[in-house]
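User: I should like to learn how to read backbone geometry, sheet pairing and internal space in a model. Could we begin with the backbone?

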Amino acid sequence: MFSRLTKKAIHKGLPFSVSIEPTTACNLGCPECPSGLKQFTRPTGKLDLNLHHQMIQQLKKSVFYINYYFQGEPFLHPQFLELIRTAKKERIYTATSTNAHFIDKKKALDIVNSGLDRLIISIDGLTQETYENYRVHGKLEKVIEGTKHLLDAKRTLNSKTPHLIFQFLAVKPNEHEIDDVFQLGKELGIDEVRIKSAQLYDYERGNPLMPENEKYSRYALQSDGTYKLKYKTGNHCWRMWSSSVLTWDGKVVPCCFDKDAKHVLGSISDTSFRNIWNHPKYTSFRQSVLSHRNQIDICQNCSEGSKVWV
């Protein structure tokens, strides 16, 4: 990357990928999620269809991948699949992530018919006890039922999409089930199984959720008994040049680690995305990443730029 070599925040064109947030609302209370813990300082809400249309019209010439997820549970948006259909009309690849608690037989057929390309299903446990240890207020049987409905809908409609992924967040209470989740995925007919390492906010002196097997952790034990991020975080980040995040109310933030939208770079409600992307404020943020990334709060617990175990 030219900017990485020169240490100057030079860029051309627009991002090819964005995340769009359907809603910040969530039905669960996961212990490392500000949405589930209701700890946001920003308001809870859902994306307006007109605002979404405005986003798509501004992005469609450059963006070919949209992840319809940032915070919250996407299927709590009552018109979520309308968002997908709008993007698919512009031939944009669409993906999202769900806890699968709202997928009945009809909804599964609607999801397949919408054209959604990729769907991550968070499972995080193979017994109710281990599942609810992290997915607080969740029901594992809902996840399995929703998954089966989706698989049946794909067969019924003879569809290869959405590509279904079981995502298993490795934490101490469930790490003993990691091998078994691959077997479950195979038995059900899931397209892919991923193991994801957990981002922990309080990790320096250990954390009850930290896996015992360091292979599954983002953090390494030091000689003094403290933990630090495994990965070296240099002054670079490809996300600043290739992607961006749009919140449900139209704000533009630099990446998915800015969960509480502390670094707002502009708003689609006030000006065009192109103007925001090229604005000195965005350029200044990119420059700060190139010069002192480790001093930026949202970058201090980020694994970008290094190999992450999945």
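Analyst: Let us start with one residue of this predicted model. His 137 is exposed, its relative accessible area being 62%.

User: What is the phi of His 137, and where in the chain does His 137 lie?

Analyst: The general idea is that most residues other than glycine have a negative phi, and most peptide bonds are trans. Here, phi of His 137 is near 75 degrees, a positive value in a residue other than glycine. The residue belongs to the loop between helix 5 (128-134) and helix 6.

User: Is Ala 261, which also has a positive phi, buried or exposed?

Analyst: Ala 261 is buried, with a relative accessible area of 14%; the cut-off for this class is under 20%. Its phi is near 55 degrees, and it sits in the loop between strand 10 (251-253) and strand 11.

User: Which residues does a cis peptide bond join?

Analyst: Thr 161 and Pro 162 are joined by a cis peptide bond, with omega at about 0 degrees. Pro 162 is found in the loop between helix 6 (140-156) and strand 5.

User: How should I read the sheet, and in what order do its strands lie?

Analyst: Strands of a sheet pair through backbone hydrogen bonds, either parallel or antiparallel. In this model nine strands make an open sheet of mixed pairing, in the order 6-5-4-3-2-1-9-10-11. Its edge strands are strand 6 and strand 11 (266-267), each of which pairs on one side only.

User: How many bridges join strand 5 to strand 6, and how many join strand 4 to strand 5?

Analyst: Strand 5 and strand 6 (residues 192-197) run parallel and are joined by six bridges; within this pair, Phe 166 has Val 193 as its bridge partner in strand 6. From strand 5 the chain passes through helix 7 (residues 178-188) to strand 6, a β-α-β crossover that is right-handed. Strand 4 (residues 118-122) also pairs with strand 5 in the parallel sense, over five bridges, and Ser 122 has Gln 167 as its bridge partner in strand 5. Strand 3 (residues 93-98) runs parallel to strand 4, with four bridges between them; Ala 95 is partnered there by Arg 118.

User: Which residues form the covered face of strand 6?

Analyst: In a regular strand the side chains alternate between the two faces of the sheet. Strand 6 has Val 193, Ile 195 and Ser 197 on its covered face, and Glu 192, Arg 194 and Lys 196 on its uncovered one. Strand 5 (residues 163-170) is mostly covered, with seven of its eight residues buried.

User: How is empty space read, and which residues line the largest cavity?

Analyst: Rolling a probe the size of a water molecule over the atoms shows where empty space is left. The structure holds one cavity of 30 Å³ or more, and the volume of the largest cavity is about 60 Å³. Its lining consists of Cys 237, Met 240, Cys 255, Phe 257, Phe 285, Val 289, Arg 293, Ile 298, Cys 299 and Cys 302. By class, these are nine nonpolar, no polar and one charged.

User: Which residues lie nearest the centre of the second largest pocket?

Analyst: They are Tyr 201, Phe 257, Lys 259, Lys 262 and Ile 298, out of 18 lining residues. The lining has eight nonpolar, four polar and six charged residues, and the pocket holds about 440 Å³ of space. Phe 257 and Ile 298 appear in both linings.

Methods: Residues are numbered from 1 along each chain as its sequence is written. This is a predicted model: local features need pLDDT of at least 70, side-chain atom pairs count only at pLDDT 80 or more; totals for chains, interfaces and linings use all residues. Side-chain values use heavy atoms; hydrogens and water are left out. On a 1 Å grid over the protein atoms alone, a cavity is a set of points where a 1.4 Å probe fits but cannot get out, and a pocket is an open set with protein on both sides within 12 Å along at least five of seven lines; lining residues have an atom within 4 Å of a point. Grid points are joined across faces, edges and corners, and a volume is the space filled by probe spheres set on the points. Ala, Val, Leu, Ile, Met, Phe, Trp, Tyr, Cys and Pro count as nonpolar, Asp, Glu, Lys and Arg as charged, and the others, Gly among them, as polar. Buried means under 20% relative accessible area, exposed over 50%, partly exposed in between (1.4 Å probe, protein chains only). Helices (H or I, at least four residues) and strands (E, at least two) are DSSP runs, numbered from the N terminus. Two strands pair if DSSP finds at least two bridges between them. A crossover is right-handed if, with the strands pointing away from the viewer, the path from the first strand over the helix to the second runs clockwise.
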